[in-house]
Amino acid sequence: MASELPHAKEPLIDHLTSKDFQNVYEPAQDSFLFIDSLQKDVDNLKALNPKIILEIGSGSGFIITFISQLLGTNGRYYMSTDINPHAALASSKTSDRNNANVDVINTCFIQGLERLKGSIDVLLFNPPYVPTPSEEVKEKGIVASWAGGVDGREVIDKLLPQIMNILSEKAFFYIVLVQENKPKQVISIMHSYGFQYQVVGKRKAFNELLYIIKFYR
Ligand SMILES: C[S@@+](CC[C@H](N)C(=O)[O-])C[C@H]1O[C@@H](n2cnc3c(N)ncnc32)[C@H](O)[C@@H]1O
């Protein structure tokens, strides 16, 4: 059944300037496909009734602010992390600009948030997925937005083994992958952890074939 909800508005990001986007990932085709896919999946998200929603690598805060507007704040807790301090600040500002309520933390993945393990009901990640030399993966500035190392998988592969401990039993985990990331391998790794998958978004953008994959138990 189609959603009866109106399409949630795109978050305002007019408080961020081109100078900010020298240090912070500017929402692009992957970010737009992500919010479109969440919008399409809104009935399942509502039925899930998530209490804790976390985005890892929130950049400008565009996606976490969008989902908070999509699902509403009543009884839900939204948080995001980013390894880049400029991005963490931008996410916080975007939340404020849109009267959202997102707690933003400047950290790697969920370091320091161990208390929340097993309780994340929705996890979102638009990772650095571009294949690059491995050395670039150590960067914490704007390069951390895209530098994915071998097959664009080095950051993704660090997160996957932690997923089981982060998520609640009922959780949905949405991730962006491109063809170069060998999505079938990622699906098979997640399968070995007991997760099924669904492709909730797919789009060709310039030279990238983008997928939004949803994993769930
Ligand atoms: C492709 S950008 C996505 C930004 C935003 N979510 C969007 O879709 O517009 C990837 C983001 O992940 C962050 N990031 C990279 N490695 C990370 C890590 N280990 N922990 C947390 N954030 C990370 C980058 O700083 C960057 O902001």
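**Ligand site in a predicted model**

Q: How many residues surround the ligand?
A: The closest include Glu55, Gly57, Asp82, Phe109 and Asn126. A residue counts as near if one of its heavy atoms lies within 4 Å of the ligand. The number surrounding the ligand is 19 residues. This is a predicted model, in which local features need pLDDT of at least 70, side-chain atom pairs count only at pLDDT 80 or more, and totals for chains, interfaces and linings use all residues.

Numbering runs from 1 along each chain as its sequence is written, and side-chain values use heavy atoms, with hydrogens and water left out.

Q: Which residue has a side-chain N or O atom 2.8 Å from an oxygen atom of the ligand?
A: Polar contacts here are pairs of N or O atoms within 3.5 Å. On the backbone, Ile83 has an N or O atom 3.2 Å from a ligand nitrogen, and a polar atom of Phe109 is 2.8 Å from a ligand nitrogen. The side-chain contact to a ligand oxygen, at 2.8 Å, comes from Asn126.

Q: What share of the ligand's exposed area does the protein bury?
A: Areas follow the Shrake-Rupley method with a 1.4 Å probe. Taken alone, the ligand exposes 590 Å². The protein buries 97%.

Definitions and conventions:
Polar contact = N/O pair within 3.5 Å; in protein donor to acceptor, adjacent residues only side chain to side chain.
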